[in-house]
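The following note concerns one open sheet and the two pockets of the model shown here. The points are numbered for ease of reply.

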Amino acid sequence: MRPKHALYAAVASAALALPAAAAAKLTEIGNVQPAATPACPAKPCYALTRTTGYQAKIGTRRGTHVIPRAGRLVAWSITLGKPGKKQIKFFDDNLGGASTAQITVLKPGTNLRYRVVGQGQAEKLAPYFGTTVQFALNTSIPVKKGYVVALTTPTWVPSLAVNLPTDTSWRASRAKGTCDETSKQTAQTGANTLAQYYCLYRGARLTYSATFVPDPVAPK
């Protein structure tokens, strides 16, 4: 993990190397204000569990986590709740271990099926509970217009805001008839894997975003 200011400085330096008319502008995909606060350490403490999820809608805004044009993802950020010791032990014991997550890029298909076309390295999150943290990608991820930025956890992550208006919703990589089976493993953790995102959860928001650098446009 690199400090946010150091990461932006590095990417900005690379952008300045391009022709002036083609200079890249950093964009934070999914950073919609006002920000949401994860539920933990409230009781009950809600978390994203053993799945891959993406934000479908935030209020009147759709496609908040959709890539607007060709480019690359260079980092991702996540706002984490601060669960208590007993809550952490419960999740660790029942959901496969310590809290980890990674950014995932999905290519939309038909019938709510999405294929993994890119994924960042997994990160251990416990040291950052109660903060917003940014992780630089070891290798940037090439993306195309229309791809979707998602969050994957094979275990659990305290990054779920709840009790929001029903016009805010997210989808999980769970098939029809399994929406309540939140402890079942459905996370997409491999390249080219395909899953159906049938399950829509209203009134909740995943607190993550990704740093996007568009491909340069040749000067006319």
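1. Strands (E, at least two residues) and helices (H or I, at least four) are DSSP runs, numbered from the N terminus, and two strands pair if DSSP finds at least two bridges between them. The model is predicted: local features need pLDDT of at least 70, side-chain atom pairs count only at pLDDT 80 or more, and totals for chains, interfaces and linings use all residues. Residues are numbered from 1 along each chain as its sequence is written, and side-chain values use heavy atoms, with hydrogens and water left out.

2. An open, antiparallel sheet is formed by four strands in the order β1-β15-β4-β8. Its edge strands, β1 (27-29) and β8 (132-143), each pair on one side only.

3. Within this sheet, β4 (residues 71-79) and β15 (residues 208-214) are joined in the antiparallel sense over seven bridges. Ala 75 stands opposite Thr 211 in β15.

4. The second largest pocket (a pocket being an open set of points on a 1 Å grid where a 1.4 Å probe fits, with protein on both sides within 12 Å along at least five of seven lines; lining residues have an atom within 4 Å of a point) has a volume of about 270 Å³, volume being the space filled by probe spheres set on the points, which are joined across faces, edges and corners. Among the residues closest to its centre are Thr 79, Tyr 208 and Ser 209. The largest share of its lining, three residues, comes from β4.

5. The largest pocket has a volume of about 330 Å³. Of its 18 lining residues, those closest to the centre include Tyr 46, Ala 47 and Leu 160.
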